[in-house]
Amino acid sequence: MASAEGAKVPTTPATPLRDAFGNVLSFFILLLIGVLAFSIRLFSVIKYESVIHEFDPYFNYRVTQYLTKKGIYDFWNWFDDRTWYPLGRVIGGTVYPGLTLTAGSLWWILNSLNIPLSVETVCVFTAPIFSANASWATYLLTKEVKGTGAGLAAATLLAMVPSYISRSVAGSYDNEAVAIFALIFTFYLYIKTLNTGSLFYATLNALAYFYMVCSWGGYTFIINLIPMHVLLCIITGRYSSRLYIAYAPLVVLGTLLAALVPVVGFNAVMTSEHFASFLVFIIIHVVALVHYFKGLLSPKMFKVAVTLVVTIGMAVCCVVVAVLAALVASSPTKGWSGRSLSLLDPTYASKYIPIIASVSEHQPPTWPSYFMDINILAFLVPAGIIACFSPLSDASSFVVLYIATSVYFSGVMVRLMLVLAPAACITSGIALSGAFDVLTRSVKFQPSSSSAITTSTAGDGASQNTVSQGDVGKPVTKTLSKEKADEGIKERPSRKNKKKEKESSEKVIMKPQNEKKLLVLPREASVVAILLLIVLGSFYVLHSVWAAAEAYSAPSIVLTSRSHDGLHVFDDFREAYAWLRHNTAVDDKVASWWDYGYQTTAMANRTVIVDNNTWNNTHIATVGMAMSSPEKAAWEIYTSLDVKYVLVVFGGLVGYPSDDINKFLWMVRIGGGVFPHIKEPDYLRDGHYRIDSQATPTMLNCLMYKLSYYRFVEADGKGYDRVRGTEIGKKYFKLTHFEEVFTTHHWMVRIYKLKPPKNRIRGKLKKPKQGSKTGRSTSHRKGGQRRNPWHS
């Protein structure tokens, strides 16, 4: 078959009925996409139960409960004395309230409609609901860039992309649940304003940005990406009044609204993350003045005016830059937050802020992470970027900038794969839509079959009116008028009809010259390519369903494992928190590593020393110093903090890798960052972290080692640690200042009580009475003597 590139194909004219049918069909497809986005995230509820996942969501759930019980006024003024003892925490001024207010509003609306759902149920299903909203927002954004087909494809991809599923399954009640929708919707309104120049959409854009600021600290990505795009348009000569309307109200109104959020406050104008938007704001006003004077003045006067405007603009820029430089110089971190500096310099956190580097989601991703989280989209993104350049518009250039920046940030921090996912879906949707457009057109319209297209008139044979292959797509009106002239049909048209005839003849003649040459591929190749794309999409669907059902559906608080004898459920966390809630006093203080602070406060209702907010590095370092100190020194530290119980997570018996022994080096690093006598090399043997017989004496005598491996030989028989794959170095030892009071069924959570200080009489130790109890407490015999059924 001959090459068909550049051939003209007949196009079906759009009709109101066809458009209406297309709109109705698109509506039902979007409805199905929303159902898909919601239902694919319910595996965690179907397979397990309706519970809150992870650590941060438990704090959000606790705050939402407080909001629904006490009201919005008490929420803004809530001082929580059960966290960061003895410091406490002002919740209203240190939390992003968007998620809490959204779920609280949903709960209030449902209860107003006599749908009596609990707060926990609403929190569990908030993320799946907003996943559907995010898919619809993706459709709107992509439609503004490349049309309806690309929008539907992008929305379908986002509904199933594993990276977004990991943060939005039922029970994942974190800020990202609503923040990704706010992010995409803000970008959509920016592009909509850019395409229409409507001040109405510009105002909505500022409000959407305000919702994003309320929801997540990642709003700084928006307020830096949009100025970058505006500056790119100005540099490439694409400035227009629409660009000014899209950007100026966002900076002014958006910054004012952002300053109303207590956790942001004056940071909206005082930190370096926002300075780029202000500089671009000045630049766009200088450019706007130049364009304004260009339309008013003569060329000679225009040069003078441009010189004046640019001079004044440069002076203002220099003043602003000087002020900003002074603000930056006065800050130890140059006006940047620790997380922002970690993005700009990937080695910054490991050098200066180990508490940020210790979080697993702040680590750089590996290459398999991309194929796990976005799968085949990694191969479609380059094609989508190429499609954005044909033709390049203001909207498509924004998409290119979005995907480029998100790829960089996702490569620095694995958590920001979540920001990459929408950009990858948009560009992949554009690529798929363009590919299907070309391939289906190639199957439908072929040059070989165009010779069969004929036009016949009454009284004439078909042979006289056959349209040749080269005339495909040319109007038939010209041929018919020629036939009339040949037959001698002479009509005397009126002046009005003569004018209409002249206009129609001009349209007929001009249409073939302006008609775009469309790409048509061979039919066999097109069919094969369509089948390959369908197979590729099927693999994507299968991978997404597997990720939703297996990889991301299991709640971290209830663990499961499969073995030759069936499914095993590990509910040790809730068992331990329930014991604390029922067997300790209300005002008792519990010390643990900061990972478990939110869960201890929410589920055990006990006061904690540190939690997942990690705002006070010194307080966390104090806990790290206690865990890495010998038993007596640790007891003194905890006693000074009024601690009654210490909780440690231990996975050596059942093979749970995320235990405190694996996190211990970070405790040492964070503690050593504040207290220099804690040195990491003291816990390493020849630079290696060991817990066997080759471990250093400092490691074998620290509190974390003793609390984790106390009586471990009794449970295991030989003291073999399944996580580290070795026998422990110190098997038999006693605790002097701590008493084991509870160990969960699978030994995953162990709770110890600080022994009271011994009474002294005239400098001598008071001997205990003979009738006093020694040994383990009753609660220990109830909990600590439990054995793993696998080793009974």
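Trainee: How many salt bridges does a search of the whole structure find?

Mentor: The search turns up 22 salt bridges. Keep in mind that this is a predicted model.

Trainee: Take Lys47 and Glu550. What makes that a salt bridge?

Mentor: The closest N and O atoms of Lys47 and Glu550 are 3.2 Å apart. The cut-off is within 4 Å, so the pair counts. Lys47 is in helix 2 and Glu550 in helix 26, with their positions 503 residues apart in the chain, and the pair links these distant parts.

Trainee: Why are Lys47 and Glu550 called partly exposed?

Mentor: Lys47 has a relative accessible area of 36%, and Glu550 has 46%. Buried means under 20% and exposed means over 50%, so a value in between is partly exposed.

Trainee: And what does the salt bridge of Arg574 with Glu49 tie together?

Mentor: First the distance: the closest N and O atoms of Arg574 and Glu49 are 2.8 Å apart. Arg574 belongs to helix 27 and Glu49 to the loop between helix 2 and helix 3, so the pair ties together parts 525 residues apart in sequence. At 23%, Arg574 counts as partly exposed, and so does Glu49 at 34%.

Trainee: How do you know that Arg441 and Asp437 are about one helical turn apart?

Mentor: They are both in helix 23 and 4 residues apart, so the separation is about one helical turn. Their side chains meet in a salt bridge at 3.5 Å, N to O. Arg441 is at 13%, under the 20% limit, so it is buried. Asp437, at 44%, counts as partly exposed. Elsewhere, salt bridges with shared partners join Arg167, Asp174, Glu176 and Arg415 into one network.

Trainee: On to the rings. How many aromatic pairs are there?

Mentor: A search of the whole structure gives 33 aromatic pairs.

Trainee: Why is the pair of Phe187 and Phe221 called edge-to-face?

Mentor: The ring centres are 6.4 Å apart, within the 6.5 Å cut-off, so Phe187 and Phe221 pair. The planes are at 70°, over the 60 degrees needed, so the pair is edge-to-face. Phe187 sits in helix 10 and Phe221 in helix 12, 34 residues apart, and the pair links those distant parts of the chain.

Trainee: What makes Phe187 and Phe221 buried?

Mentor: Phe187 has a relative accessible area of 0% and Phe221 has 12%. Under 20% means buried, so that settles it.

Trainee: Why is the pair of Tyr710 and Phe733 tilted?

Mentor: The planes of Tyr710 and Phe733 are at 45°, and stacked needs under 30 degrees while edge-to-face needs over 60, so tilted is what remains. Centre to centre, the pair is at 6.2 Å. Tyr710 and Phe733 are both buried.

Trainee: Which residues share one aromatic cluster with Phe187 and Phe221?

Mentor: The cluster is formed by Phe187, Tyr190, Phe221, Phe398, Tyr402, Tyr408 and Phe409.

Trainee: How far is the charged end of Arg669 from the ring centre of Trp666?

Mentor: It sits over the ring of Trp666, 4.5 Å from the centre. Likewise, Arg41 lies over the face of Tyr164, at 5.0 Å from the ring centre.

Trainee: How do you know that Ser215 is buried?

Mentor: Its relative accessible area is 0%, so Ser215 is under the 20% limit. Ser215 is in helix 11. A polar atom of the Ser215 side chain lies 2.7 Å from the backbone oxygen of Tyr211. Leaving out residues up to four places away in sequence, Ser215 touches Tyr96, Gly98, Asn175, Val178 and Ala179.

Trainee: What makes the backbone worth a look at Asn375 and Thr614?

Mentor: Most residues other than glycine have a negative phi, and most peptide bonds are trans. Asn375 has a positive phi of about 55°, and Thr614 has one of about 50°. Asn375 is buried at 15%, and Thr614 counts as buried at 18%.

Trainee: Where are the cis peptide bonds?

Mentor: One joins Tyr85 and Pro86, with omega about 5°. Another joins Ser390 and Pro391, with omega about -5°. Pro86 is in the loop between strand 1 and strand 2, while Pro391 is in the loop between helix 21 and helix 22.

Notes:
Residues are numbered from 1 along each chain as its sequence is written. This is a predicted model: local features need pLDDT of at least 70, side-chain atom pairs count only at pLDDT 80 or more; totals for chains, interfaces and linings use all residues. Side-chain values use heavy atoms; hydrogens and water are left out. Rings of Phe, Tyr and Trp (its six-membered ring) pair if their centres lie within 6.5 Å; planes under 30 degrees apart count as stacked, over 60 as edge-to-face and the rest as tilted. Helices (H or I, at least four residues) and strands (E, at least two) are DSSP runs, numbered from the N terminus. Buried means under 20% relative accessible area, exposed over 50%, partly exposed in between (1.4 Å probe, protein chains only). A charge sits over a ring if NZ of Lys or CZ of Arg is within 6 Å of the ring centre and within 35 degrees of the ring normal. A polar contact is a pair of N or O atoms within 3.5 Å; within protein, one must be able to donate a hydrogen and the other to accept it, and residues adjacent in sequence count only if both atoms are side-chain atoms. Contact means heavy atoms within 4.5 Å.
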